[in-house]
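Q: Could you take me through the aromatic rings in this protein, one step at a time? I am new to reading structures, so please explain the terms as you go.

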Amino acid sequence: MMINKRLISMVSESKKYMAGNVAFQWCSLAGNIAMMTAIASLLAALPDGGADSGRLGLTAGIVLAALLVRCVCTLAASRMSFLSSRTVKRALREKIYQKLLRLGASYSQQVQTSEVVQVTVEGVEQLETYFGAYLPQFFYAMLAPLTLFAYLCFVNVPAAAALLVCVPLIPAAIAAVQTWAKKLLSKYWGQYTALGDTFLENLQGLTTLKIYQADGFKNDEMNVQAENFRRITMKVLTMQLNSITIMDFIAYGGAALGLVMACTQYAGGHVDLAGCLLIILLSADFFIPMRQLGSFFHVAMNGMAASDKIFHLLDLPESDPKTMRCPSQGGIICKELRYAYKADREILHGVSLSFPQGGFTAIVGESGCGKSTVAAILMGRNQGYGGSVTIGGAELREISEDSLMEHITYISHQSYLFKGTAAENLRMGRPDASDAELWAALERVKLADFLRSGRGLDTAVAEKGGNLSGGQRQRLALARALLHDSPVYIFDEATSNIDAESENDIMAEIHALAKQKTILLISHRLANAADADNIYVMDQGVVAESGTHSALLARNGVYAKLWNAQQELEQYMKGGAVK
């Protein structure tokens, strides 16, 4: 019942801890049997006056020893549960991490990021209970009634047999709701991940939604999904409550049956008073382990539903390993490049681009024209493109991802900073960099003075750089990119949503870098692209124009219209600021 062999084999190290958990629970049961036997014997001796001080002392000693054993065993079982849970979380998250590494930067084409996050965090947490509590309890719940039956057979066989026969009614009740519960929890996890994906997508695109005034529509859409999730959650809770009620009825009914059998057998002279009392005292122990298993059942079912999601991720097809290294020399050429996120919605329509080695090339255009899609293809995040992309004459499809990452550095408007120190974030660009090299990179982006005013390279950086301004975050990300020192740099809206001073400093460093490296600048602000050697103007997934800034203005086409509109807007804003 809910024993997934594949899941258990994936974390085989946890088996020893589960076995230890069961062993300690069984020792605790043995201590309880000894304690109840001593108490029943003492109580049976009271009517005949046989409970002298010696017997009282012996019983007290047995009770205290049994309580000590049970206390130690309970603590030890909890420790085994913790070790098993820790092993499971580490093993599963390591397997998911390794799988994502094998899938590469394009993993999001096969599985949603929100699903990966939910499965890796909450899904694994649910399986922690499955391994740490449910599985040990499952085996103990099988062992405990058999142990009690074997012991009570020496007291009274009919009573022991009657109690043992009633025990399977609890797992029978569990099995009765298992099929329904599995379908319900599968639907629960489906709606949960769908809601998480919608929330993450809307949160990441909140600025765009506000610009296009679509935030109200998305708000209503999320409300509908949230209501659907609330309903499925209430169905899950109702199912859990109903099944718990059934299991409680069986458990308490079984204990009552033990009381009836004990009294009946005693009245018929088939068992003495001590035996009668012992049957009564141990009747509940027949059902408590199985009842406890029932209380873990729903969490375990949730974990099993989560395991289906984990297996779905781990079973995603992987492309054959690529061994070709990225050529150190040569430019990047895109010929008849096509790409579609959905089969019926092509984003790039036969785009041809050239980024010569050592050149400074810019791609501009309105939002949604396909600029960032080109960058994602060059970085290997968007695979399955049509046409050809070559780097130094080598086809991008054949180049290994690690070689591509070494060859190209990507800096976006949302460069990720990790919780840690400034030095730890910088050394992600070059792990072996010395402190002097870190400071040199910080000087280039004009962030050194700010860090010196704090704790220097040990300055704390919050998750996503939450304790830094937008400009400081981008400067730190640029310093990290400079340390990477790759032949090609792609700046994708790297100066968006930062202050003017930071934008000017970052653009100055980009221009300096263009004298040594191949630079691809993607920007909605045409002023940043004006000094590029060549500018591609994209419009609705095609290259509308290309040339230098002056040549494009002279053509009086798409670029000139965008340039004039932006200049008018900037002049208007400057005028408003003066007023």
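The charged end of arginine 452 sits over the ring of which residue, and how far is that charged end from the ring's centre?

A: Happy to help! This is a predicted model, where local features need pLDDT of at least 70 and side-chain atom pairs count only at pLDDT 80 or more, while totals for chains, interfaces and linings use all residues. Residues are numbered from 1 along each chain as its sequence is written, and side-chain values use heavy atoms, with hydrogens and water left out.

The ring under arginine 452 belongs to tryptophan 439, and the charged end is 4.7 Å from the ring's centre. A charge sits over a ring if NZ of Lys or CZ of Arg is within 6 Å of the ring centre and within 35 degrees of the ring normal. Arginine 381 does this too: its charged end sits over the ring of tyrosine 410, 4.6 Å from the centre.

Now for rings that meet other rings. Searching the whole structure gives 8 aromatic pairs. Tyrosine 339 and tyrosine 341 have ring centres 5.0 Å apart and planes at 85 degrees, so this pair is edge-to-face. Here is the rule: rings of Phe, Tyr and Trp (its six-membered ring) pair if their centres lie within 6.5 Å, and planes under 30 degrees apart count as stacked, over 60 as edge-to-face and the rest as tilted. Tyrosine 339 is buried, at 4% relative accessibility, whereas tyrosine 341 is partly exposed, at 45%. (Buried means under 20% relative accessible area, exposed over 50%, and partly exposed in between, using a 1.4 Å probe and protein chains only.)

Tyrosine 489 and phenylalanine 491 make a stacked pair, with 6.2 Å from centre to centre and 15 degrees between the planes. Tyrosine 489 is buried, with a relative accessible area of 0%, and phenylalanine 491 is buried with a value of 0% as well.

There is also one aromatic cluster, formed by Tyr130, Phe131, Tyr134, Phe138 and Phe139. For the setting of these rings, look at helix α4, which covers residues 113–152. Helices (H or I, at least four residues) and strands (E, at least two) are DSSP runs, numbered from the N terminus. In an α-helix there are 3.6 residues a turn, so residues three or four places apart point the same way. The 40 residues of α4 should span 58 Å at 1.5 Å a residue, and the end C-alpha atoms are 56 Å apart, which agrees. That expected span is 1.5 Å times one less than the number of residues.
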